[in-house]
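Visitor: Hey, could you walk me through this one? I'm new to reading structures.
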Amino acid sequence: MAYQPFAYRKFLKGFRIAARTGRRPVHFWEAVSASGHSPERRVRAEGSTPRYKMMEVMGTTNPLMTFEEFERLPDEPCKLQLIDGEVLRLPPAKIGHVRIRHRLFEVLEDALSELHNQGKGSDLGEVFMRMGYRFGDNWLIPDVSVSHAGQPENDYLEGAPALAVEVMSESNTAPMMHRKTRKYLENGAREVWLVYPETASVVVCRGKTAIEVEGTLATELLPGVTIDLASVFGSPEKLRP
């Protein structure tokens, strides 16, 4: 399915109007609702309870499954994730997407190391690239993440990371990113960064608000750290993921 940018555009329009007029910025979730896309769709046989959900990623319909069933699935060339018992099948990342992911990982690793050397950021753990996180019947793999200090782990890291970074691509529809972002925040994430290569910007989601950032990124999660987004996105011809 083609990328649906309507909710993102509505959010940015509302945010920019708010900056000029002093009105309350539109919540990202309000923009998604206004886009007309339901966060989830169910396939229901007449007179029966829902047994299947349709995920509009690569046009598949998947039965709900437990995490234990998910663990037993065979390896596939696409990236498999699980949200509310529903399997998400995502295509392989393109080279531009991978470059941005690597740059963000390097920037965050250096920033967190510096914070720890200064005796700051003691509530933050490690920086990971494509690390999976399990919570309930969910298995989500952000492009880059920062764990909580002392985050519970058994065979996997348990709960959402402190920071989840998702680099946007054509397979990331507005409804899917709405669900994933809320799932992260509802399960312990302090911030979610939605990285938009086409606009060289980052939408920082924290609680129920979202703020678009261009140029230089600084957030409450990383006190005293500023990130030059030009160094993350690289040259214009390499922006598209």
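Visitor: Is F67 buried or exposed?
Guide: F67 is buried, at 1% relative accessible area. Buried means under 20%, exposed over 50%, and partly exposed in between, using a 1.4 Å probe and protein chains only.
Visitor: Anything I should know about the model?
Guide: It's a predicted model: local features need pLDDT of at least 70, side-chain atom pairs count only at pLDDT 80 or more, and totals for chains, interfaces and linings use all residues. Residues are numbered from 1 along each chain as its sequence is written, and side-chain values use heavy atoms, leaving out hydrogens and water.
Visitor: Cool. How many aromatic pairs are there?
Guide: Four. Rings of Phe, Tyr and Trp (its six-membered ring) pair if their centres lie within 6.5 Å; planes under 30 degrees apart are stacked, over 60 edge-to-face, and the rest tilted.
Visitor: Why is the F67 and W139 pair called tilted?
Guide: Because their planes sit at 50 degrees, with the ring centres 5.8 Å apart.
Visitor: And what does W139 do with Y156?
Guide: W139 and Y156 make an edge-to-face pair, 5.0 Å between centres and 70 degrees between planes. W139 is buried at 14%, while Y156 is partly exposed at 25%. F67, F70, W139 and Y156 form one aromatic cluster.
Visitor: New topic: which residues have the most contacts inside the largest nonpolar core?
Guide: L108 and W193, in a core of 28 residues. Such a core is a set of buried Ala, Val, Leu, Ile, Met, Phe, Trp, Tyr and Cys residues joined through side-chain atoms within 4.5 Å.
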